[in-house]
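Q: I would like to take a close look at one part of a protein with you. Could you walk me through it slowly and then place it in its wider setting?

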Amino acid sequence: RIAPILSTQFLFYLGSSLERIADIRERVRGDATMVILDSRHDAEHVTQELNAYAPLVTSGQYLIVCDTHFNGHPVDPQYGPGPWEAVHEWLLGHPEFTIDRSQERHLMTFNPDGFLRRV
């Protein structure tokens, strides 16, 4: 059974990220919304998630793409196209988002170029 898990500040859904979008869209309507994508890490799936979830992110909030460090960015160079490649390709058509490298200020992240701020 797939059900939402609600805390005082966060809403978590268990299940396929792409199958849950309608439920989530309804739940966050009108609220300030930040989204963290952390499911399958192949470029095609991440691009589908970006297309589905980006419209939910409100101005000034973040769309965080996890594990952009794969495929030589800087780890696992044989991984193949993954989150980092999906982010950079997707951003070409989405000027409403910008990479916010200030979120990488602690010199270690699993999400290089993965902190996307909606402007």
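Which residues does Phe 97 touch, not counting residues up to four places away in sequence?

A: Happy to. One thing to keep in mind throughout is that this is a predicted model.

Leaving out residues up to four places away in sequence, Phe 97 touches Ala 54, Val 57, Leu 63, Trp 90, Leu 91, Leu 116, Arg 117 and Arg 118. Phe 97 is buried, because its relative accessible area is 5%, and buried here stands for anything under 20%.

Let us begin with the backbone. The strands β5 and β6 pair in the antiparallel sense, over three bridges. Within that pairing, Phe 97 has Arg 118 of β6 as its bridge partner, and Arg 118 also appears among the residues that Phe 97 touches. β6 has a further antiparallel neighbour, since three bridges join it to β4 as well. There, Ile 64 has Phe 115 as its bridge partner in β6. So β6 is paired with β4 and also with β5, while Phe 97 has contacts that include Leu 63 and Leu 116. As a reminder on strands, side chains in a regular strand alternate between the two faces of the sheet.

Now for the side chain. Trp 90, one of the residues that Phe 97 touches, deserves a second look. The structure holds two aromatic pairs. In one of them, Phe 70 and Tyr 79 are stacked, with 4.6 Å centre to centre and 10 degrees between the planes. Tyr 79 counts as partly exposed, at 33% relative accessibility. The other pair is Trp 90 with Phe 97, and this one is tilted: 5.5 Å centre to centre, with 55 degrees between the planes. Trp 90 counts as buried, at 5% relative accessibility, and Phe 97 is buried with a relative accessible area of 5%.

Stepping outwards, we come to the nonpolar core. The largest one has 21 residues, and those that touch the most other members are Leu 50, Tyr 53, Leu 63, Trp 90, Phe 97 and Leu 116. Three of these names, Leu 63, Trp 90 and Leu 116, are also found among the contacts of Phe 97. The elements that give two or more residues to this core are α1 (21–28), β3 (35–37), α2 (43–53), β4 (62–65) and α3 (83–91). Of these, α2 gives the most, with five residues.

After Phe 97, the chain moves on to the loop between β5 (97–99) and β6 (115–118), and Arg 101 and Asp 113 both lie in that loop. Arg 101 forms a salt bridge with Asp 113, the closest N and O atoms being 2.9 Å apart. The pair therefore ties together parts that are 12 residues apart in sequence. Asp 113 is buried, with a relative accessible area of 8%.

Asp 113 also leads us to Thr 68, which has Asp 113 among its contacts beyond four places in sequence. Thr 68 lies in the loop between β4 and α3 and is buried, with a relative accessible area of 0%. Setting aside neighbours within four places, Thr 68 is in contact with His 73, Pro 83, Trp 84, Val 87, Phe 110, Asn 111, Pro 112, Asp 113 and Gly 114.

The count of salt bridges comes to four. Besides the one in the loop, they include Asp 23 with Arg 20, at 2.8 Å from N to O, and Glu 26 with Arg 29, at 2.1 Å from N to O. Their settings vary: Arg 20 is buried, with a relative accessible area of 14%, Asp 23 is partly exposed at 35%, and Arg 29 counts as exposed at 58% relative accessibility.

Finally, the wider setting you asked for. The protein has three helices and six strands, which follow the pattern β-β-α-β-α-β-α-β-β along the sequence. Its radius of gyration is 14 Å, close to the 14 Å that the globule rule gives for 119 residues, so the protein is as compact as a globular protein of that length. The C-alpha atoms fill a box of roughly 35 × 30 × 30 Å along the principal axes. Of the 119 residues, 39% count as buried, and Phe 97 is one of the buried residues. Among contacts between residues at least 6 apart in sequence, 57% join residues at least 24 apart.

Definitions and conventions. Residues numbered from 1 in each chain as written. Predicted model: local features only at pLDDT ≥ 70, side-chain atom pairs only at ≥ 80, totals over all residues. Heavy atoms only, no water. Salt bridge = Lys/Arg side-chain N within 4 Å of Asp/Glu carboxyl O. Buried < 20%, exposed > 50% of the residue type's maximum accessible area, 1.4 Å probe, protein only. Helix = DSSP H or I, 4+ residues; strand = E, 2+ residues; numbered from the N terminus. Core = buried A, V, L, I, M, F, W, Y, C linked by side-chain atoms within 4.5 Å. Contact = heavy atoms within 4.5 Å. Pairing = 2+ DSSP bridges. Phe/Tyr/Trp six-rings, centres within 6.5 Å; stacked < 30°, edge-to-face > 60°. Rg over C-alpha atoms; globule rule 2.2 N^0.38 Å.
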